[in-house]
Amino acid sequence: MKPERATGDAEGYVVPGYPAIYIAAWSDAYRAAVAGGSRAIVKLAGIIAHERLHVEAGTAERPVYEAERLMLRRSAAPPAMIDASAAPCASVR
């Protein structure tokens, strides 16, 4: 069940004040990872890195997207996946 505060395209989310990361079971990334897709598993690692920093540091988006991209680079993600992760950050100050 998707919580009200999660956007329709959310792949993961946190609830302020709770030290937990929620992975969106409705997302394509999650479903592909469960099916064993290696690229999807790498993408899921990036999502977890992104949400982990929200738990640790709060709501600022720029540093969490940077953490996500770092995890993707370390996991040898394809350049297109890393670039897609950078796109939302371009509009965030």
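User: Where is the place of P19 in this chain?

Analyst: In this predicted model, the place of P19 is in the loop between β1 and β2, the latter being residues 22-23.

User: Why is P19 called exposed?

Analyst: The relative accessibility of P19 is 74%, and the term exposed is used for values over 50%, so P19 counts as exposed. The C-alpha atom of P19 is nevertheless separated by 5.9 Å from that of V55, a residue 36 positions away along the chain.

User: What makes H50 a buried residue, and which helix holds it?

Analyst: H50 lies in helix α2, which covers residues 38-57. Its relative accessible area is 7%, and because buried means under 20%, H50 is classed as buried.

User: How do you know that the side chains of H50 and H54 make a polar contact, and which residues further along the sequence does H50 touch?

Analyst: The side chains of H50 and H54 make their polar contact at 3.3 Å, and the limit for such a pair of N or O atoms is 3.5 Å, so the value falls within the limit. Once neighbours within four places in sequence are left aside, H50 is in contact with E61, V64, Y65 and E68.

User: How do the axes of α2 and α3 cross, and which residues make the contact?

Analyst: The axes of α2 and helix α3, the latter spanning residues 61-74, come within 8 Å and cross at roughly 150°, and the crossing is right-handed. On the α2 side the contact is made by V42, K43, A45, G46, I47, A49, H50, L53 and H54, and on the α3 side by E61, P63, V64, Y65, A67, E68, M71 and L72. These residues divide into eleven nonpolar, three polar and three charged.

User: Why is S85 called buried, and where is it found?

Analyst: S85 is found in helix α4, residues 79-90. With a relative accessible area of 5%, set against the cut-off of under 20% for buried, S85 therefore counts as buried.

User: What makes the pairing of S85 with E68 a polar contact, and which other residues does S85 touch?

Analyst: The side chains of S85 and E68 make a polar contact at 3.4 Å, and because the cut-off is 3.5 Å, that value lies within it. Not counting residues up to four places away in sequence, S85 touches Y65, E68, R69 and L72.

User: Why are R74 and G8 both called exposed?

Analyst: R74, found in helix α3, has a relative accessible area of 66%, while G8, in the segment before β1 (12-13), has 56%. Exposed means over 50%, so R74 is exposed and G8 is exposed. As for their positions in space, the C-alpha atoms of R74 and V42 are separated by 9.6 Å, with their positions 32 residues apart along the chain, whereas G8 and A24, 16 residues apart in sequence, are 9.8 Å apart, C-alpha to C-alpha.

User: What pattern does the whole chain follow, and how many of its residues, as a percentage, count as buried?

Analyst: The chain has four helices and two strands, which read along the sequence as β-β-α-α-α-α. Of its 93 residues, 34% count as buried. The chain exposes about 5900 Å², and carbon and sulfur atoms supply 56% of that area. Among contacts with a separation of 6 or more, 36% are accounted for by residues 24 or more positions apart.

Key:
Residues numbered from 1 in each chain as written. Predicted model: local features only at pLDDT ≥ 70, side-chain atom pairs only at ≥ 80, totals over all residues. Heavy atoms only, no water. Buried < 20%, exposed > 50% of the residue type's maximum accessible area, 1.4 Å probe, protein only. Polar contact = N/O pair within 3.5 Å; in protein donor to acceptor, adjacent residues only side chain to side chain. Contact = heavy atoms within 4.5 Å. Areas by Shrake-Rupley, 256 points an atom, 1.4 Å probe, with all protein chains shown as cover. Axes fitted to C-alpha atoms, helices over the stretch in contact; angles between N-to-C directions. Left-handed = near helix turned anticlockwise from the far one by under 90°. Nonpolar A, V, L, I, M, F, W, Y, C, P; charged D, E, K, R; others polar.
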